Amino acid sequence: MGSRVIMWNLLGVDAFMLLLLFSWVFSALASVSYDHKAIAVNGQKRILISGSIHYPRSTPEMWPGLIQNAKEGGLDVIQTYVFWNGHEPSPGKYYFEDRYDLVKFIKLVQQAGLYVHLRIGPYICAEWNFGGFPVWLKYVPGIAFRTDNEPFKAAMQKFTEKIVSIMKEEKLFETQGGPIIMSQIENEFGPVEWEIGEPGKAYTKWAAQMAVGLNTGVPWIMCKQEDAPDPIIDTCNGFYCENFKPNKVYKPKMWTEAWTGWYTEFGGPIPNRPAEDLAFSVARFIQNGGSFINYYMYHGGTNFGRTAGGPFIATSYDYNAPIDEFGLPREPKWGHLRDLHRAIKLCEPALVSVDPTVTSLGNNQEAHVFKTKSGTCSAFLANYDTKYSVKVTFGNAPYDLPPWSISILPDCKTAVYNTARIGAQSSQMKMLPVNSALTWQSYNEETASSSGDDSITVDGLWEQVNVTRDSTDYLWYMTDVNIDLNEGFLKNRQSPLLTIFSAGHALHVFVNGQLSGTVYGGLDNPKLTFSNNVKLTVGINKISLLSVAVGLPNVGLHFETWNAGVLGPVTLKGLNEGTRDLSRQKWSYKIGLKGEALSLHTISGSTSVEWVEGSLLAKKQPLTWYKTTFNAPAGNDPLALDMSGMGKGQIWINGQSIGRHWPGYIAHGGCGDCNYAGTYNDKKCRTNCGEPSQRWYHVPRSWLNPSGNLLVVFEEWGGDTTGISLAKRTTGSVCADIYEGQPTLGNWNVLTSGKVSRPKAHLWCPPGQKISQIKFASYGLPQGTCGSFREGSCHAHKSYDAPQRNCIGKQSCSVAVATEVFGGDPCPSNMKKLSVEAVCS
Ligand SMILES: *[C@@H]1O[C@H](CO)[C@@H](O)[C@H](O)[C@H]1NC(C)=O
């Protein structure tokens with residue numbers, strides 16, 4: 001099109017006419033369509049690489065950097081959900097500011113030259129509170145979520161129309177010159193439809209028709225929805241999707257969620273998905289004819305405030321994604337995928353033109369060849385074996401295929417990439433404490449009791465969310481127990497047994513103001529039972545139960561009907577009468593904490609009470625507010641709070657909620673060795689067992705002032721603030737682990753430049769840091785991984801020479817992986833590699 005514009009200029013068309021002509025031509029061409037092979041943007045079929053970045057899970061100040069990192073990582077598209085409960089906190093009252101400024105986010109993506117896939121939902125799951133639904137929606141009379149229900153459909157349509165109309169007004173759809181090339185209605189509804197039958201089918205049809213009727217001009221997709229009605233494209237979500245087939249031959253094969261890792265739950269270990277396996281799954285999808293892949297997540301981010309779902313989803317939503325929670329590339333995952341995207345893009349002309357021809361190369365090996373009539377040829381060579389490297393012959397040439405790997409040959413000859421041979425560097429990140437000791441003050445939250453005047457009293461037990469409407473995590477349930485002078489247990493010096501059944505999620509039990517115990521559930525089962533002998537005295541005893549919600553469910557059949565809070569029975573056993581049922585007697589309710597009502601987390605609210613310090617500072621005391629101030633550390637490194645020593649609660653900085661902390665919840669379950677080869681699942685390759693599920697809590701830089709930042713912590717269990725510190729996330733060391741002769745994109749440059757290429761170890765420290773030391777180098781048969789390399793049975797004595805010479809004092813460097821560089825071959829006839837670890841400082 002550029003050349004046409006120049007031609008018109010030469011013809012002497014004036015600027016105004018040119019503009020008119022240009023916009024006419026543009027709108028005539030602007031289109032998004034699809035066929036069996038691929039999505040076509042403006043008539044051009046594309047292999048599209050996409051990644052999920054959820055705008056409220058980072059700050060607007062972080063968005064440009066995240067989008068830029070995504071672009072440099074080889075992405076074409078940014079995918080996001082739309083977060084209904086963030087945008088419509090109460091019916092008809094919309095909010096699109098700050099982290100919820102959806103239009104700003106989309107425009108930033110557009111400015112970076114990328115497309116957008118907008119997943120409106122409005123059900124989004126996403127480990128987000130209530131799956132994205134506003135809690136008020138549950139209390140619309142007669143409503144049932146995600147089925148053929150009129151009140152639900154009316155609300156869903158209204159919000160969907162609201163979002164589409166904003167996008168149209170801002171001209172954000174591709175057909176209007178904007179970046180949105182696709183939308184999504186509903187989300188993973190297929191499994192629900194399968195359970196509920198006819199009403200589900202009717203709802204699917206309705207949702208599809210409603211969406212298509214909005215005339216966005218771009219395609220809609222429905223993920224995990226085998227019966228998605230035309231023209232909506234059904235798509236795949238999962239760790240692997242190579243065998244997925246859309247429901248019509250004229251729809252492209254799309255993978256809307258390629259899971260890059262998994263979420264962390266409080267009480268669970270940290271999931272990790274090896275980069276080699278993720279790359280393998282993507283290459284496998286593409287070699288089987290796939291043409292759209294979206295990484296879920298590409299940047300996971302943080303569940304700030306009370307936005308985490310579950311219940312029990314952690315505050316960190318890092319997801320082991322290619323960009324970490326703090327916005328830094330996670331290496332080698334980020335770089336290994338960038339190289340994969342380059343390799344795939346070299347094959348794009350063949351991939352979008354023809355279906356592959358599949359031939360066997362061995363028992364467990366295949367070639368997928370895309371050859372066009374005009375002779376363009378690209379090939380993928382796959383080894384599905386999980387144990388053995390195999391040497392295959394393809395087109396009369398030999399190729400080494402490591403276990404569980406795919407090599408990519410853009411010209412059907414030159415291997416430029418293998419999914420199990422990482423050319424990108426690895427990084428060892430570290431959390432560096434930056435503040436001198438913090439000086440804390442404390443304030444004791446009162447244990448509420450039934451005599452409080454701000455409580456309501458009724459017969460029996462009420463469901464928690466029904467009372468709080470999720471305005472707070474906390475609901476007090478309070479009742480009185482009268483103990484007669486004649487009670488036998490008083491003489492026998494025995495204590496009655498108090499038993500409490502709760503629908504979840506956590507419960508602190510106070511008897512006469514003293515903490516008698518804490519119980520909590522987990523993601524698998526949020527329900528809990530408290531059963532303890534309690535000390536009761538003659539007369540009125542005050543039972544105060546602080547029931548705590550830890551995020552509302554985001555997935556499950558009619559999860560909107562699931563309960564939280566103390567629903568009973570509540571019984572007292574060991575009285576003269578036997579067992580007394582407390583469930584139906586008078587209970588008083590108090591919503592939230594006193595400190596919440598006083599806004600102790602804000603600068604103005606925090607001055608409304610008397611805080612104590614020094615020797616009076618509360619230690620290991622339940623229900624305590626803490627505050628301190630600190631100055632922002634110099635530099636741009638991302639920041640986090642180390643909450644070691646604390647139990648459970650919430651954190652605020654300058655009035656902004658960092659989220660829920662719960663380092664007291666220790667990760668249980670299995671952690672063990674991690675071999676990239678073989679089918680991945682979310683229980684494989686986990687780390688952090690026996691440690692807090694989450695110790696570090698992201699503090700966005702943009703929430704800080706240069707000095708005097710107010711940090712407020714509410715602690716439920718009782719903790720020790722001496723363990724809290726601010727830290728910055730920096731690169732400790734970087735590593736390369738490169739095999740001789742491994743496929744590299746450099747091989748492609750050989751073809752185009754004629755220069756000889758060998759694999760190289762590339763190392764670089766982030767801006768502001770330099771390589772100060774080569775901590776490890778071995779050319780031969782070294783073992784281990786970055787951070788734990790060790791020499792193997794074969795080691796070139798001059799292994800350190802070249803890395804030290806090329807790298808010390810530099811920000812970036814490279815070392816060729818070739819025998820002569822290391823003074824000769826230490827073990828001929830072995831496949832050698834170079835492992836290097838360099839310290840950045
Ligand atoms: C919900 O709250 C209302 C009062 O607002 C009460 O009448 C009703 O019984 C409660 N339902 C449950 C299940 O707790």
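These legends accompany several close-up views of a predicted model.

**View A. Eight strands close into a barrel.**
Follow the strands around in the order 4-5-6-7-8-9-10-11, and you will find that the pairing is parallel. On average, neighbouring strands of this sheet are turned by 30 degrees against each other, direction ignored. For one pair in detail, look at strand 7 (residues 180–185) and strand 8 (residues 220–223), which run parallel and are joined by two bridges. Here Ser183 has Trp220 of strand 8 as its bridge partner.

**View B. Helix 5 lies across four strands: strand 4, strand 5, strand 6 and strand 7.**
The helix covers residues 102–111 and runs at about 155 degrees to strand 6 (115–121).

**View C. Strand 22 pairs with strand 27 and with strand 30.**
Strands of a sheet pair through backbone hydrogen bonds, either parallel or antiparallel. Strand 22 and strand 27 (residues 539–548) pair in the antiparallel sense over ten bridges, and Tyr474 has Val548 in strand 27 as its bridge partner. With strand 30 (residues 586–591), strand 22 also makes an antiparallel pairing, over four bridges; there, Leu475 stands opposite Ile591. How many of the ten residues of strand 22 are buried? Eight are, and the strand is described as mostly covered.

**View D. The second largest pocket has a volume of about 860 Å³.**
Its lining is made of 37 residues, and the closest to the centre are Gly327, Leu328, Asn636, Asp637 and Pro638. Helix 3 (63–72), strand 19 (426–433), strand 36 (696–699) and strand 38 (724–739) each give two or more residues to this lining. Strand 38 provides the largest share, with five residues. By type, the lining residues divide into 17 nonpolar, 13 polar and seven charged.

**View E. Two peptide bonds in the model are cis: Tyr296 to Met297 and Glu331 to Pro332.**
For the bond from Tyr296 to Met297, omega is near -5 degrees, and Met297 sits in strand 11 (residues 292–299). For the bond from Glu331 to Pro332, omega is near 20 degrees. Pro332 belongs to the loop between strand 11 and helix 10 (333–346).

**View F. Asn42 and Ala126 have a positive phi although neither is a glycine.**
Asn42, with phi of about 50 degrees, lies in the loop between strand 2 (39–41) and strand 3 (44–46). Ala126, with phi of about 60 degrees, lies in the loop between strand 6 and helix 6 (150–169). Which of these residues is buried, and which is partly exposed? Asn42 is partly exposed, with a relative accessible area of 34%, while Ala126 is buried, at 3%.

Technical notes:
Residues numbered from 1 in each chain as written. Predicted model: local features only at pLDDT ≥ 70, side-chain atom pairs only at ≥ 80, totals over all residues. Heavy atoms only, no water. 1 Å grid on protein atoms, 1.4 Å probe; cavity = no way out; pocket = protein on both sides within 12 Å on 5 of 7 lines; lining within 4 Å. Points joined across faces, edges and corners; volume = space filled by probe spheres on them. Nonpolar A, V, L, I, M, F, W, Y, C, P; charged D, E, K, R; others polar. Buried < 20%, exposed > 50% of the residue type's maximum accessible area, 1.4 Å probe, protein only. Pairing = 2+ DSSP bridges. Axes fitted to C-alpha atoms, helices over the stretch in contact; angles between N-to-C directions. Contact = heavy atoms within 4.5 Å.
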